[in-house]
Amino acid sequence: MTDSPFAPLGRYDTRGQKCTYSPGDIPANDCQANATWHILWNATTADASLACDPHMAQARARFVFVDTHRLSPDCGMPNAAWGFHNKRCYYLDDTAEAAVIAGAAHDGHVKETAR
Ligand SMILES: [Zn+2]
Ligand SMILES: [Zn+2]
C-alpha cells in the first residue's frame, strides 16, 4: 500500500443509496432498504426514483413508468444522462453508450447515401 497524500477521487459510490419509497413523503415512512433499481417516471421532467426489489415489484404492478434499470454507479449523479440503450445512467464521455449512438448515426448515413 502506498502513502499518497491525495485522496483517490472518482465518481461517487452509490452503493449506500436507499430506496426512496415513502408513503406520505414523511421521514417516519421512509423505506430503509438499499436501493437496487432506478425508475424514470417522466422523461420530460426527469422525475426519477430509487427502489429496492420489493418496491420495484410494487411499482411494476401498480404504476406506469418510462424506463427502469439496475442501480449503477452513475445513477442519480449530476449531469448523468439516462441510458435507454444500455439500461443504465451514463456520462457523455462513456464509450459504451457512445458506441451505440455512433452505430445508429452510421446506419442513418448508409441509408442516406444509398438513395
Ligand atoms: Zn423500498
Ligand atoms: Zn440510473
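Here are three short exercises on this predicted model, each with a worked solution.

**Exercise 1. Confidence along the chain**

Find out where pLDDT stays under 50, and how many contacts beyond four places in sequence the model has there.

*Solution.* Start with the whole chain: its mean pLDDT is 77, and 71% of its residues reach 70 or more. Next, look for the stretch that stays under 50, which is residues 101-115. Finally, count contacts beyond four places in sequence for residues 101-115: the model has 0.

**Exercise 2. Building the sheet**

Work out the strand order of the open sheet, and which strands stand at its edges.

*Solution.* Take the order to begin with: the 3 strands run E2-E1-E3, with antiparallel pairing. Strands E2 (47-51) and E3 (67-70) each have a single partner strand, so one side of each lacks a neighbour in the sheet and both are edge strands. From one strand to the next, the twist averages 20 degrees. Now zoom in on one pair: E1 (residues 37-42) and E2 are joined in the antiparallel sense by 5 bridges. For a residue to check by eye, try Ile-39, whose bridge partner in E2 is Ser-49.

**Exercise 3. A helix and one of its residues**

Place helix H1 against the sheet, then decide whether Asp-53 is buried, partly exposed or exposed.

*Solution.* Helix H1 (residues 53-62) lies across E1, E2 and E3, and runs at about 135 degrees to E2. Asp-53 belongs to helix H1. Count its surroundings: Asp-53 has 13 C-beta neighbours inside 10 Å, so Asp-53 is classed as partly exposed. As a last step, take Trp-37, 16 residues from Asp-53 along the chain: their C-alpha atoms are 7.1 Å apart.

Definitions and conventions:
Residues are numbered from 1 along each chain as its sequence is written. Chains are lettered from A and ligands numbered from 1 in the order in which they are written. This is a predicted model: local features need pLDDT of at least 70, side-chain atom pairs count only at pLDDT 80 or more; totals for chains, interfaces and linings use all residues. pLDDT is the predictor's confidence in each residue, from 0 to 100. Two residues are in contact if their C-beta atoms, placed from the backbone, lie within 7 Å. Two strands pair if DSSP finds at least two bridges between them. Helices (H or I, at least four residues) and strands (E, at least two) are DSSP runs, numbered from the N terminus. Axes are lines fitted to C-alpha atoms, for helices over the stretch in contact, and angles run from 0 to 180 degrees between N-to-C directions. A residue is buried if 20 or more other C-beta atoms lie within 10 Å of its own, exposed if 12 or fewer, and partly exposed in between; C-beta atoms are placed from the backbone.
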